[in-house]
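Me: I would like to learn how to read a ligand site and a nonpolar core from coordinates alone. Could we take one model and go through it feature by feature?

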Amino acid sequence: MTRSKIAFWVSVAALATSGCNNQPANEALTDTEKSAYLERGREIAATAFSVLSGNLAAALEKGGVANAVQYCNLAAMPLTDSLSRTNNAVIRRTSLKTRNPKNKPSEWERAALLSFEKEDQAGEELKPVVQLLDGQHVAFAAPIRVMSLCTKCHGKEGETMDAADARVIRSLYPDDQATGYAEGDLRGMWSIVFTLKE
Ligand code: HEC
């Protein structure tokens with residue numbers, strides 16, 4: 001082999017190994033793993049959603065917005081703890097426009113939210129997605145849409161939102177960005193991060 005040929009093969013080998021080193025240890029989910037996580041994510045989100053919206057509706061009926069305002073909070077629901085423990089997962093909701101700054105998106109959540117928003121603007125049907133975050137974590141994301149009930153607290157003041165209710169919410173959440181929505185709008189997403197077992 002000539003010197004230039006050797007140099008060529010050495011650089012090919014170097015490229016190949018550096019390519020490998022850039023891959024995470026567990027480089028992708030198989031189709032079976034993907035559907036399993038999608039299924040689990042959907043079940044968790046559906047369970048949490050039905051309890052949360054049931055509590056909200058009951059509290060609204062009992063004492064209006066001022067009474068119900070504490071019920072749109074996953075972190076405050078005992079069910080969230082038990083779902084998290086059973087599934088070895090962190091369950092939250094996030095949005096590009098948050099009411100509570102604690103719900104602001106992380107980096108991957110923001111990317112997922114932007115991608116849902118783009119698909120929504122293009123009129124596409126939004127579907128839950130899963131991705132491997134790193135060798136230890138799988139992330140599930142599913143869109144959240146605004147229903148009529150939600151517009152009492154996330155809608156337009158003077159239209160679906162009572163002015164006095166809007167004042168109550170503003171006093172509790174001075175950084176509130178989560179108003180102005182109409183029924184059917186994309187409000188945010190479920191974020192579930194599963195920790196893989198060793
Ligand atoms: C009674 C008022 C009320 C109603 C009705 C309500 N919300 Fe909320 N929502 C809130 C409050 C207050 C928060 C902030 C909770 C917290 O402190 O984490 C919130 C937070 C959220 C968040 C988390 C992100 C953020 O903005 O902080 C999402 C997502 C959300 N609401 C969606 C909905 C949807 C969907 C509905 C209808 C099914 C709904 N909400 C109905 C008051 C309400």
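Reply: We can begin with polar contacts, where a polar contact is a pair of N or O atoms within 3.5 Å. Please keep in mind throughout that this is a predicted model.

Me: Which backbone atom has an oxygen atom of the ligand at 2.7 Å?

Reply: A polar backbone atom of Arg99 stands at that distance from a ligand oxygen. Side chains take part as well: Asn103 places a polar side-chain atom 2.7 Å from an oxygen atom of the ligand, and for Asn100 the corresponding distance is 2.8 Å.

Me: How many residues surround the ligand, and which are the closest?

Reply: A residue is counted here if one of its heavy atoms lies within 4 Å of the ligand. The shell has 21 residues, the closest being Cys72, Cys150, Cys153, His154 and Arg187. By class, the shell divides into 11 nonpolar, five polar and five charged residues, and the space that the ligand takes is the largest pocket.

Me: Which element gives the most to that shell?

Reply: Helix 2 does, with three residues, while strand 3 (137-145) and helix 5 (151-154) are also among the elements that each supply at least two.

Me: How should I read the largest nonpolar core, and which residues have the most contacts inside it?

Reply: In soluble globular proteins, nonpolar side chains tend to be buried together. Here the largest such core has 22 residues, and those with the most contacts inside it are Leu74, Val138, Phe140, Trp190, Ile192 and Phe194. Strands 1, 2, 3 and 4 each supply at least two residues of this core, as does helix 2, and helix 2 gives the most, with six.

How values were computed. Residues numbered from 1 in each chain as written. Predicted model: local features only at pLDDT ≥ 70, side-chain atom pairs only at ≥ 80, totals over all residues. Heavy atoms only, no water. Polar contact = N/O pair within 3.5 Å; in protein donor to acceptor, adjacent residues only side chain to side chain. 1 Å grid on protein atoms, 1.4 Å probe; cavity = no way out; pocket = protein on both sides within 12 Å on 5 of 7 lines; lining within 4 Å. Sits in = over half its atoms within 2 Å of the grid points. Helix = DSSP H or I, 4+ residues; strand = E, 2+ residues; numbered from the N terminus. Nonpolar A, V, L, I, M, F, W, Y, C, P; charged D, E, K, R; others polar. Core = buried A, V, L, I, M, F, W, Y, C linked by side-chain atoms within 4.5 Å. Buried < 20%, exposed > 50% of the residue type's maximum accessible area, 1.4 Å probe, protein only.
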